[in-house]
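Trainee: Could you take me through one part of this model slowly? I would like to see how its pieces fit together.

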Amino acid sequence: MQLKKGEIIEFDVHAMAFGGSGIGKYEGMTVFVDKAMPGDRVKAALTRIKPKFAESKFVEIVKPSPDRVEPKCKYSGKCGGCQLQFMPYKKQVEFKQQNVIDSFERIGKIFDANVLDVIECKEPFYYRNKMEFSFGYDADMQFTLGMHVPGRRFDILDLTECHLESKLSTDILNITRAFMRESEWKPFKYSIGKGFLRALYIREGKRTGEVLVNLVTSDDVPKNFDEEIKKYVDKVSTMSDGDQKVTSIYWTTIISKRGQRRQTKEKVLFGKRFLTEKMILENGDELSFDILPQAFFQVNTYQAELLYQEVLKLATQSTNGTVFDLFCGTGTIGLFLAKHCEKVLGIELNEEAVKAARENAQKNNIFNIDFYVGDATKMLGDIKEFPSLIVVDPPRAGLTENMIKHMNSFNADRIIYVSCNPSTLARDCAWLKEYGYKVKSVQPVDMFPHTYHIENVCLLERD
Ligand SMILES: C[S@@+](CC[C@H](N)C(=O)[O-])C[C@H]1O[C@@H](n2cnc3c(N)ncnc32)[C@H](O)[C@@H]1O
């Protein structure tokens, strides 16, 4: 039978694919569908037909899976923030672990990767320490402040609740929306490059209770800005909830002119210049970090602690000599390792991140760590030291064959590979296998409940 684009088909979903799509069969053809889980019978509209599989868009549930749960959030299914809230947390975690196993088998052809049970998130809501809300318009051109509607570049869903960061963060969101609507300042329209209000970023120190609010705008500043923004600052700077309170308010201006490099200007309107966050590991090791508004920091503080704990557990067997922390970001992994080894050498492409990493080292009185700015692959070629251990934490794209070749030349017995993408991790482990490194264990850590994302700490050893 010839399938046609747009045709509505009905089928049972029996598995989940990476990316969070449900998988089913229709007329012998594998079909992917969004918003569905194993056990559901769904109706879906075909969107793409390939010789071996088809993709479809969810239309309705004919019979729900007995495992389905009522999502906590009223925007579930409409907002791009969480994709799997209809799935019980235990099932989400099972699906993520299976996905890691499948990636190793299918992509890496590694059938003995020893994928351990996922380290779950104790509190699968209110786990994020950072949210980025956008100002914009909905489909009826009404003023909105919230998240992007999936698949719609310019439509912003007006969110009055969100269970990802905190109650205080939602209160700030709602007060900001009410204030800005009244001020009559206009959201920035990306399609024409006009308007003022672009985004509202809220960062929190989960362990310190500090909250940094960052209002992001264009440089098309309204005439009444100075007097109005004072009122906004007076209102928001007094906001608190339990141990949490607003400690900084920033105003960030983005200047983007056609043909010119985009520029950013930041101004502190209230309070501290940075947000302070702490991380405390099971063994009592504690570090404190000063985070500037745009700086990278792990989004789930408590799970990042567990992730680093895993790295440390694996690392302590090889901490004589120098440890390489490649793709080190703001240096968090290396700084925790430094307390337990002779010396750490961190490499990171982003200059700002390295500046923050050096400041973090100083703030925590850690002096046996050096950070270098540059491309890890190129810089490895110039390093004369031989590490006892190499830790890598690359972006989603993973490593390159060239990078792996360079890593191999150091002859380290062990590699700890921290990865946010099971597919590239599996591919890279297959390359590393060619150089004699065997996967000993893979520890998945769930940093992002209700999404399909999963982080892994993988130990590779040379026999
Ligand atoms: C997943 S983050 C790792 C962050 C860090 N390990 C942490 O836990 O905070 C990946 C980092 O790799 C950096 N990066 C990307 N390409 C790079 C390259 N070619 N050489 C060095 N660093 C790179 C990015 O700037 C980013 O900070």
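Mentor: Gladly; here is a walk through one sheet, its middle, a loop beside it and the ligand.

First, a word on how to read the model. It is predicted, so local features need a pLDDT of at least 70 and side-chain atom pairs count only at pLDDT 80 or more, while totals for chains, interfaces and linings use all residues. Residues are numbered from 1 along each chain, as its sequence is written.

Now find the sheet. Seven strands make it up, in the order 18-17-16-19-20-22-21, and the sheet is open with mixed pairing. Strand 18 (369–373) and strand 21 (437–445) stand at the edges with a single partner strand each, so one side of each has no neighbour in the sheet. From one strand to the next, the twist averages 15 degrees. Two terms are in play here: strands (E, at least two residues) and helices (H or I, at least four residues) are DSSP runs numbered from the N terminus, and two strands pair if DSSP finds at least two bridges between them.

Let us step through some of the pairs. Strand 16 (residues 322–326) pairs with strand 19 (residues 389–392) in the parallel sense, over four bridges. One place to look is Leu-326, whose bridge partner in strand 19 is Val-392. On this sheet also packs helix 6 (residues 351–363), which touches strand 17 (343–348) and strand 18. The direction of helix 6 makes about 165 degrees with that of strand 18. Such angles run from 0 to 180 degrees between N-to-C directions, with axes fitted as lines to C-alpha atoms, for helices over the stretch in contact. Contact, in turn, is when the C-beta atoms of two residues, placed from the backbone, lie within 7 Å.

Next, follow the path from strand 19 to strand 20 (residues 414–419). These two strands pair in the parallel sense, again over four bridges. Val-391 stands opposite Ile-416 in strand 20. Together with helix 8 (residues 401–408), strand 19 and strand 20 make a right-handed β-α-β unit. Right-handed is meant as follows: with the strands pointing away from the viewer, the path from the first strand over the helix to the second runs clockwise.

Strand 20 has a partner in strand 22 (residues 455–462) as well: the two run antiparallel and are joined by six bridges. Here Ile-416 turns up again, with Leu-459 as its bridge partner in strand 22.

How many residues of strand 20 are buried? Six of the six are, so this strand is largely enclosed by the rest of the structure. Both faces are covered: Arg-414, Ile-416 and Val-418 are buried on one side, and Ile-415, Tyr-417 and Ser-419 are buried on the other. A residue is called buried if 20 or more other C-beta atoms lie within 10 Å of its own, exposed if 12 or fewer do, and partly exposed in between, with C-beta atoms placed from the backbone.

A loop deserves a stop too. His-450 is found between strand 21 and strand 22. With 26 other C-beta atoms within 10 Å, His-450 is buried. Look at its backbone as well: His-450 has a positive phi of about 70 degrees although it is not a glycine.

That brings us to the ligand. Around it are 19 residues, and the closest are Phe-327, Gly-329, Leu-349, Ala-376 and Asp-393. The cut-off for being near a molecule or strand is that the C-beta atom of the residue, placed from the backbone, lies within 6 Å of it. Strand 17, which we met in the sheet, supplies at least two residues of this shell, and helix 5 (332–338) also supplies at least two. By kind, the shell divides into 11 nonpolar, five polar and three charged residues. Here Ala, Val, Leu, Ile, Met, Phe, Trp, Tyr, Cys and Pro count as nonpolar, Asp, Glu, Lys and Arg as charged, and the others, Gly among them, as polar.

For contrast, glance at another sheet in the model. A closed barrel of five strands runs 1-2-3-5-4, with mixed pairing. Its neighbouring strands are turned by 50 degrees against each other on average, direction ignored. Strand 1 (residues 8–16) and strand 4 (residues 41–49) run antiparallel and are joined by five bridges, and Phe-11 stands opposite Val-42 in strand 4.
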